[in-house]
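Colleague: Could you take me through one part of this model closely, with the cut-offs behind each term? I would like to see what surrounds it, too.

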Amino acid sequence: MSKDPSLPIHLSRVATQSSISESDCSDQSTQSSQAKRPQLELRRSGRHFGIVGLISTLVVFIITAGIATLMLGWLYAFHDPVAAGGGFMAAIRNGSFVINEPSGSATDEESTSTQTQTETLRVLMFSALASHLVSVTSTVLVTLLAYRSATQWLRSSEDPDGAKLTPIQYGLLIRTLGSGSLMSIINSLRYTSRSKRASAPRLFKEALVGVTGIYILSHVVGLIDLWLHSSARSISVFRGVPGQSEALFGVAYNESTCGPFNMAALPCQNLISERRDGTHWAFDQPWMFLAGFDTISDVNPDLKLEYINNTAILVPGPNRSFKSQGFIIQTQGLQVECANLRDQCDRPASPLLSALVPGSGPVSDCAKAGYPRVPYYTSGKLHASGRDTRNIQSLVMGIIGDEMGGMINGTADFSSGWTSNPAKTVVQMRWNNVTAQWNSRTLGVSYLDTLDLYATCELTYLDVTAQYDSLGAEWSILESTLSRPELASVLWTPMMFQLASDDLHNTLRPYVTNRGAQAIDILQSSMAKYGIGYAAPLMKFIAASNVTAPQLVALGLYPTAPTLLLVGCLYIYSLLALVIFFLSCTSNNRMIFVPRELTKKKENDVETSALDVAQSWLTDPLPLVGSIFPGGDGQHAARSAESDPLRQVYDSDWELGKVGIGLYKGSKGQMIFGLMRQSHSRSRRYGRYFPAVDEDSALQERVPIHGSTLVVPSLAVMGKAEP
């Protein structure tokens with residue numbers, strides 16, 4: 001204050017003292033008013049557990065642990081034990097998970113062999129989803145890690161002797177914890193590798209190690225996902241699903257055709273009738289002969305023959321439309337074993353003929369083989385000259401005990417037509433006017449103008465359990481047992497009435513004429529087919545069991561190692577989020593108290609977690625920007641206690657000016673490249689650069705103005721930290 005020269009000296013001194021006294025009073029008044037003004041306070045909460053970062057933790061945990069659990073659940077629920085050879089643990093031992101992917105079922109219109117399908121491999125979809133979401137949530141997990149760093153930061157800031165962050169370390173932490181990107185990690189690693197640098201506190205090192213670990217883990221998940229995609233594959237197989245409708249594909253004896261078994265009469269007595277020319281089988285029902293003939297000729301639409309493992313069985317014909325289904329049926333079968341009688345029967349001595357045709361000579365008697373009535377004939381004889389005039393016919397004759405029948409009246413030739421099972425027969429065949437070349441391995445013999453065949457055959461009637469495979473379109477015999485002798489007696493009756501003799505005669509002719517060695521095999525298979533084929537009219541259809549419709553199934557094969565590694569990494573990821581969450585919550589005992597006078601509505605006091613606010617300072621540059629640009633609405637103190645970075649910065653069009661970058665003149669006149677505050681041109685025309693701001697704003701008090709720009713000061717100039 002300048003002295004007025006017009007005043008006396010003592011007045012001047014009084015004025016000076018008065019001025020000083022007024023100044024002191026003014027300072028005391030200012031301090032007193034500041035002390036009475038409401039201020040932010042940092043308090044310790046009595047709670048030992050405060051929730052922070054709950055939403056971020058839930059997002060990470062639900063995504064990672066949820067997908068891992070979904071994958072394990074899917075592997076368990078859709079595990080295919082058939083292809084994997086066991087349960088879930090067997091798949092682990094075998095090195096791959098076999099997952100059953102759904103597919104459509106076969107229809108009659110579309111053959112099962114021509115079906116195609118496209119299926120999404122669900123586990124690969126989950127793996128790709130996990131890899132993508134982990135890369136997205138890695139930044140969320142890094143922000144959770146920032147809570148741990150914020151806890152350490154608050155503690156070290158309260159400890160006068162604690163290790164503090166340098167400005168560059170704080171700047172690196174903002175970028176590292178704010179993004180978790182590769183470049184931020186590289187910059188931090190570059191800083192730590194410097195030979196000359198400030199000592200890094202523990203929180204800086206832990207944060208860098210944690211972010212690096214999270215980055216590596218997230219990319220390990222991506223590599224495992226790539227491994228799984230490159231090694232997984234899919235195959236398509238056909239499986240059977242249970243049928244919903246009753247399938248009458250089985251074959252059983254129809255008792256209503258022949259009536260019940262009556263041992264006092266002939267087998268199937270009601271179909272045997274006497275006529276003028278002899279005894280006949282089903283004479284009044286010619287359809288039965290035609291049905292049997294159609295069956296052995298493979299033209300019967302309802303029944304057909306299959307010859308499997310030397311056994312002929314009856315199976316459903318094409319009218320049953322069974323080929324699109326797999327099933328098991330009960331049916332009847334016949335197995336025949338034959339032996340050659342050629343070397344067991346007598347021939348007349350004929351030296352001249354033996355010399356001319358070695359091994360030739362007709363069969364004259366089979367008594368030493370146990371069949372004295374073979375060959376069976378009713379007229380003619382074998383002449384010494386070599387001419388054979390015997391009326392030998394092609395017959396299949398049955399043997400019951402010591403009786404031989406079937407030559408004249410069928411089963412009526414026996415005193416009792418009920419045979420045992422297996423049943424015994426003798427087959428004699430003759431082909432007249434045939435010239436054959438000699439072969440010692442044949443079962444027939446050549447004598448001038450005739451060719452004969454004699455053999456014994458044992459017929460075994462079977463109750464058969466057969467299975468049809470719709471994929472391979474083939475039949476197989478699962479099990480067979482001997483049929484009851486009563487049933488065997490009924491089923492061989494058509495053969496005893498010589499229904500199959502002419503068919504056997506025609507079938508064997510080319511093999512015996514050409515002296516084929518396989519003639520005995522042809523005789524066995526033919527007798528089995530014809531014997532059961534002519535019994536087909538005596539059958540009825542019954543329900544099949546285990547009826548299944550073929551279904552095209554896509555199986556996904558996923559190697560165990562990458563699958564379990566992926567699941568393990570996801571669980572580690574989720575547990576890491578939980579650990580960080582609980583550590584942060586147990587350390588959340590510092591609260592920022594905001595008086596109601598500093599709030600916007602001025603109604604209630606507000607408490608904010610100091611950990612939340614400190615975490616925002618470590619993950620986002622906005623709090624720093626808010627402190628540099630406090631705003632002119634007087635709410636800067638309340639905004640500084642906000643946990644949401646967006647609410648910590650005052651935003652208004654041109655009120656605080658805009659932020660630019662470029663060259664400006666420093667306090668010593670040197671040009672510096674950096675941030676500049678730029679005002680609107682209209683503000684300069686009216687003679688002011690900025691609106692009035694709060695008097696506590698360090699920026700307004702200390703920031704130098706150069707022309708139309710305002711230099712943004714460093715943090716060191718902004719203010720001092722309170723102890």
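Modeller: Helix 10 and its surroundings

Happy to. In helix 10, which spans residues 286–296, the buried residues are Met-288, Ala-291, Gly-292, Thr-295 and Ile-296. Here buried means under 20% relative accessible area, exposed means over 50%, and partly exposed is in between, with a 1.4 Å probe and protein chains only. Helices (H or I, at least four residues) and strands (E, at least two) are DSSP runs, numbered from the N terminus. The buried residues lie on the same side of helix 10 because they cover an arc of only 130 degrees around the axis; that arc is taken from the directions from the helix axis to the C-beta atoms.

Before going on, a word on the ground rules. This is a predicted model, in which local features need pLDDT of at least 70 and side-chain atom pairs count only at pLDDT 80 or more, while totals for chains, interfaces and linings use all residues. Residues are numbered from 1 along each chain as its sequence is written, and side-chain values use heavy atoms, with hydrogens and water left out.

Now to the cover over those buried residues. It includes helix 9 (255–258), helix 14 (501–513) and helix 15 (519–533), together with strand 6 (278–281), strand 7 (303–308) and strand 8 (311–316); contact means heavy atoms within 4.5 Å. After helix 10 comes Asp-298, which has a positive phi, near 65 degrees.

Strand 6, part of that cover, has a partner of its own. Strand 5 (residues 272–275) pairs with strand 6 in the antiparallel sense over 4 bridges, where pairing requires that DSSP finds at least two bridges between the strands. Within this pair, Ile-272 is opposite Trp-281 of strand 6, and a hairpin of 2 residues joins the strands.

Salt bridges add some side-chain detail. By definition, a side-chain nitrogen of Lys or Arg lies within 4 Å of a carboxyl oxygen of Asp or Glu, and the whole structure has 8 of them. One of these links Arg-275 and Asp-284 at 2.8 Å, N to O. Arg-275 is partly exposed, at 32% relative accessibility, whereas Asp-284 is exposed at 58%.

Another salt bridge joins Lys-304 to Glu-306, at 3.8 Å from N to O. Lys-304 counts as partly exposed at 24% relative accessibility, and Glu-306 does too, at 22%.
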